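User: Could you zoom in on one part of this structure for me and walk me through how the pieces sit against each other? I'd like the helix packing and the metal site in one go, with any cut-offs explained as you use them.

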Amino acid sequence: MNVPEESRALQLLNRVFGHSVFRGAQSDIVQHVASGGDALVLMPTGGGKSLCYQLPALLRAGTALVVSPLIALMQDQVAALKQLGVRAAFLNSTLDGREVNACEKALRAGELDLLYVAPERLMMPRMLECLSESEIALFAIDEAHCVSQWGHDFRPEYLQLSVLHERFPSVPRIALTATADPQTRDEIIRRLALDNARIFISSFDRPNIRYTIVDKQDARAQLLRFIREDHDGEAGIVYCLSRRKVDETAVWLKSHGVRALPYHAGMDSSLRAEHQNRFQREEGIVVVATIAFGMGIDKPDVRFVAHLDLPKSIEGYYQETGRAGRDGAPADAWMAYGLGDVVQQRRMIDESEGSEDYRRVSVAKLDALLGLCESAGCRRVRLLAYFGEAGEPCGNCDNCLEPPQVWDATEAARKALSCIYRTGQRFGAMHLIDVLRGRETERIVQRDHHRLGVFGIGADLDDAAWRNVFRQLAALGYVCPDHEAWGALKLTEASRAMLKGEQSVEMRHVIPRKGRAAKARRSAASGATVADSALLERLKAWRMTQSREQGVPAYVIFHDRTLVEIAAAQPADLDALAALGGIGAKKLERYGAALLELVRG
Ligand code: ADP
Ligand code: ZN
């Protein structure tokens, strides 16, 4: 692509999408594909993948075919493009025969810029024939990791997509995914015959996501406080391990005034679909879910993802938390984590049916995640390092914002371990803490534990501190759960050196900062001051009405971010309004007057 075309791309970016500059590699990708090259794009969720094929679609002659596995998302994407004045349509099983005919006719006549299709539909002989009679600008293969047979999202129909290359060798193809690992990348290249594609790998950092991992005490109450203080009335996802916990948590949150809905594989499928749909379309819904709630969520304004239970790996944690803040506005990844989580995950691996290899890999993955949880350093640096990326402390995670103190816990660790040993490796943390702190409970007296040498040797630390010690010992592998006795902790090979005094250990210790100004933090996060907030509310109410009238999700009208910008800038005329992010020519024409009216109050 030559220089005039490059400026044409930028012009379209401004005029149609209302964005002033390209993000990261977008510009290179757009140029490469617009000039006919194949591309494989690896970009994190929210990185801006759609533009990478939407702009070349506008720059090249003919229609861009976009393969997407998710019917609901297709409809929303098309609705969003139509709002921008782009000629877009979709073709999937929700259409009747007449609608399909009309769509095919428009394709043949060259009246579409973009056509979204389900993969199985694209491979039908009738469709392929229709394509050969039409001018095709490019093929975009979204969620390209669906070709991977080892992943969670495998779609057999994706395997057939290599046919496109054989039938239409001169049409450029762009495959896109947010899955980072090298195996998946190689599989995509192989299965889609993308050997000549240029590969664009973006940083997987999500700078707008703030990572926080708190010490689990009363998880539900901690969650409620987090939602009320930082995300009142905002959309979020709460992940739990079991279906039962999902149901219970949803009921409990609801009883405390949070608009919470459950989602898990054990629910009736129509109710499940309804909950997902409400989450996607309404504002401020909190879905409490198992990891069955995953792909298919494309909501840009999810303001938080909370984990009440520990995920299985850093990959899982990253994928789940990645659903927050796709729109680039500040979002939270929050997790409550305690000894019970370590015990539970370790047991699940021990009791799994998998091979020895499988177990070894699972243990290594869990250990990496536990390392992240126990780390006193920047969470982001650690996350990115896991994916092979280097980084600097981020200033936007709990450890950067409130650096935990690190203390020499060798003495405490030895006391804890000898307490386990002296009581016969048959008790859980609660009882062990009672012994250490010297409480003459009924259970202790019954078992004569008040006569042991370890009785009362830990009176210098409080219960919370001891729970912390046991959790960290479990995370670091100095103690492990007993299979026979539920909740009981046993010593491991590694404990020996510690007990003999040959090893020392440091632990993290967070002193909760009193009276943290949650309000100030929140308004800083949304970028609005108190003075703008009344206007912001008005803008949101207006958007809600528009969204209802047009039957599209609120974010299709305007993203939160754009409304926040309007509230902050308070533009006086159309030119000032057009200068803000996310307001292209079409939206300016359609909504400009109404927005200025709202600003004037
Ligand atoms: P992905 O598909 O990679 O998850 P999207 O394509 O949905 O991401 O884009 C995420 C968000 O970023 C969208 O809200 C989009 O409008 C916004 N965005 C993308 N590119 C730009 C850009 N160059 N400038 C401003 N916002 C952008
Ligand atoms: Zn950090």
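Analyst: The crossing of α15 and α16 is right-handed, meaning that the near helix is turned clockwise from the far one by less than a right angle (anticlockwise would be left-handed). This is a predicted model, where local features need pLDDT of at least 70 and side-chain atom pairs pLDDT 80 or more, while totals for chains, interfaces and linings use all residues. Residues are numbered from 1 along each chain as written, chains are lettered from A and ligands numbered from 1 in written order, and side-chain values use heavy atoms, without hydrogens or water.

Helix α15 covers residues 356-374 and helix α16 residues 379-386; helices here are DSSP runs (H or I, at least four residues), numbered from the N terminus. Their axes lie 9 Å apart at an angle of about 160°, using lines fitted to C-alpha atoms over the stretch in contact and angles from 0 to 180 degrees between N-to-C directions. α15 and α16 therefore run roughly antiparallel (over 145 degrees; under 35 would be roughly parallel). On the α15 side, K365, A368, G371, L372, C373 and E374 make the contact, and they meet R379, R382, L383 and Y386 of α16; contact means heavy atoms within 4.5 Å.

Now for the metal. The zinc ion (ligand 2) has C378, C394, C397 and C400 as its protein donors, each through SG, at 2.3 to 2.4 Å. Donors are N, O and S atoms within 2.8 Å of the metal (3.2 Å for Na, K and Ca), and with no water among the atoms a site may look incomplete. Along the chain the donor residues follow the spacing C-x15-C-x2-C-x2-C. Around the zinc ion, the four donor atoms subtend angles of 101 to 119°, so the arrangement is tetrahedral (four donors, all angles between 85 and 135 degrees). How open are two of those cysteines? C394 has a relative accessible area of 25% and is partly exposed, and C400 at 23% is partly exposed too (20% to 50%; buried is under 20% and exposed over 50%, with a 1.4 Å probe and protein chains only).

As a contrast, look at another helix pair. α14 (residues 339-350) and α21 (residues 463-475) have axes that come within 8 Å and cross at roughly 25°, so these two are roughly parallel. Their crossing is left-handed. L339, V342 and R346 of α14 touch F470, R471, A474 and A475 of α21.

Terms used: Four donors count as tetrahedral if all angles lie between 85 and 135 degrees; four count as square planar and six as octahedral if opposite donors are over 155 degrees apart and all others between 65 and 115; anything else is irregular. Angles under 35 degrees count as roughly parallel, over 145 as roughly antiparallel, 65 to 115 as roughly perpendicular and the rest as oblique.
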